[in-house]
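Me: I am new to this structure and would like to understand the words used to describe it. Could you take me through them one at a time?

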Amino acid sequence: MLSKKDLLGLYDTGAEEITEILDTADEMRAFLDGKEKKSDLLKGKTLITLFYENSTRTRTSFELAGKYLGANEVNISASSSSVQKGETLIDTGMTLDSLKIDFIAIRHPMAGAPKLLAEHVKASVLNGGDGMNEHPTQALLDMLAIRRKFGKIKGLKVAILGDIKHSRVAKSNLFGLGKLGAEVCMYSPETLMPKAIERLGAKVAKSREEALDGADAVMGLRIQLERQNGGLFPSLSEYSKFYGVNDGLLKYAKKDAIVLHPGPVNRGVELTPSLIDGEKSEILEQVTCGLAVRMALLKLLAEYREAHL
């Protein structure tokens, strides 16, 4: 059973809890391969998806996770809610809480917004990405995809290349993979690499070749143009040429290495189309694992709520 009512990040989530989530997600992944994708596990429970930023994969998988487990599901878009009338996040949360809901999955452009919300509601809050802070469910699904491929995480090398500075995915993966004993090696232009990220446990490579050398998993990260002020690299074509991952570079990784990307992919920028669509790609499996992880979290948080609230 989880130790808290919320899932806000992996920085303060222990290895045992992460393993429990992955184990439960494995069960949900098997459930998804079955013919009948319907359960009454969360019958009578209600999930709200509250997204202040655009999303396809995360939002849809949270919605389906609730529906597949039998919960009532309501989605709220900030662009069509009382937020546009000046309502604060706390007021929105307290209003939703008064409707006797059980879960709120939130994505917000400001770091710390899910934590602030969780402090003011009785509902369990699941962080679907907050600013440049964390995206814990994405890291968990990445870890699930890796573990399903190799049967373990401890002792593996995971190379993460791309816009590290603006990536909440990179940070959550660094925390989660590190706690389960993987080596995380990062590479990007200096302008897209956070200062002193080594203090958080990352190894920073001096080249793409060094980052990929002996890697079991190679993860490309999207260039997040919407979070940048410009001028951090010359052009997308030059980025692709000097920092992107192509088929030739993959020879430095292990023979059975897999290719990952949290999506959406800028084709031909972070990864070449042949890698995205190739036999080593686990990108679509990541999407399925994302649904399994979010189903697992709803189940585990429901169990916590039953025991403690």
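Me: What makes strand 6 count as largely enclosed by the rest of the structure?

Reply: Happy to help, and please keep in mind that this is a predicted model. A residue is called buried when its relative accessible area is under 20%. Four of the five residues of strand 6 are buried, so the strand is largely enclosed by the rest of the structure.

Me: Which strands does strand 6 pair with, and how do you know that they pair?

Reply: Pairing needs at least two bridges. Strand 6, residues 183-187, has two bridges with strand 7, in the parallel sense. With strand 5 it has five bridges, again parallel. Both counts satisfy the requirement of at least two, so both are pairs. As examples of residues facing each other, Cys 185 stands opposite Lys 203 in strand 7, and Leu 161 stands opposite Tyr 187 in strand 6.

Me: Where do these strands sit in their sheet, and why are strand 7 and strand 9 called edge strands?

Reply: The sheet is open, has five strands in the order 7-6-5-8-9, and its pairing is parallel. Strand 7 (203-204) and strand 9 (258-260) are the edge strands: each pairs on one side only. Helix 5 (residues 136-150) packs on this sheet and touches strand 5 (157-161), strand 8 (217-220) and strand 9. The direction of helix 5 makes about 170° with that of strand 9.

Me: Why are helix 1 and helix 5 called roughly perpendicular?

Reply: Their axes come within 10 Å and cross at roughly 70°. Angles of 65 to 115 degrees count as roughly perpendicular, and therefore this pair gets that name. The crossing is right-handed. Among the residues that make the contact are Ile 18, Leu 22 and Arg 29 of helix 1, and Leu 140, Met 143 and Arg 147 of helix 5. The contact residues divide into seven nonpolar, one polar and five charged.

Me: What makes helix 2 oblique to helix 10?

Reply: The axes of helix 2 (residues 57-68) and helix 10 come within 8 Å and cross at roughly 50°. Roughly parallel would need an angle under 35 degrees, and roughly perpendicular would need 65 to 115. The value fits neither range, so helix 2 is oblique to helix 10. This crossing is right-handed. Helix 2 contributes residues including Phe 62, Leu 64 and Tyr 68 to the contact, while helix 10 contributes residues including Val 287, Leu 291 and Leu 298. Together, the residues of this contact divide into eight nonpolar, four polar and two charged.

Me: Which strands does helix 10 lie across?

Reply: Helix 10 (residues 283-308) lies across strand 1, strand 3 (103-108) and strand 4, running at about 145° to strand 4. These strands belong to an open sheet of four strands in the order 2-1-3-4, with parallel pairing. Its edge strands are strand 2 (72-77) and strand 4 (124-130), each pairing on one side only. Neighbouring strands of this sheet are turned by 15° against each other on average, direction ignored.

Me: How do you know that strand 1 and strand 2 pair?

Reply: They share six bridges, in the parallel sense, and at least two are needed. One of the bridge partnerships joins Leu 50 to Ile 76 in strand 2.

Me: Why is Lys 45 called partly exposed, but Lys 100 exposed?

Reply: Exposed means over 50% relative accessible area, buried means under 20%, and partly exposed is in between. Lys 45 has 23%, so it is partly exposed. Lys 100 has 67%, so it is exposed. Lys 45 lies in the loop between helix 1 (15-32) and strand 1 (46-51). Leaving aside neighbours within four places in sequence, its contacts include Asp 102 and Glu 306. Lys 100 is found in the loop between helix 3 (89-97) and strand 3, and its phi is near 65°, a positive value in a residue other than glycine.

Me: Is Ala 196 buried, exposed or partly exposed, and how do you know?

Reply: Its relative accessibility is 34%, so Ala 196 counts as partly exposed. Ala 196 is found in the loop between strand 6 and strand 7.

Technical notes: Residues are numbered from 1 along each chain as its sequence is written. This is a predicted model: local features need pLDDT of at least 70, side-chain atom pairs count only at pLDDT 80 or more; totals for chains, interfaces and linings use all residues. Side-chain values use heavy atoms; hydrogens and water are left out. Contact means heavy atoms within 4.5 Å. Axes are lines fitted to C-alpha atoms, for helices over the stretch in contact, and angles run from 0 to 180 degrees between N-to-C directions. Buried means under 20% relative accessible area, exposed over 50%, partly exposed in between (1.4 Å probe, protein chains only). Angles under 35 degrees count as roughly parallel, over 145 as roughly antiparallel, 65 to 115 as roughly perpendicular and the rest as oblique. A crossing is left-handed if the near helix is turned anticlockwise from the far one by less than a right angle, and right-handed if clockwise. Ala, Val, Leu, Ile, Met, Phe, Trp, Tyr, Cys and Pro count as nonpolar, Asp, Glu, Lys and Arg as charged, and the others, Gly among them, as polar.
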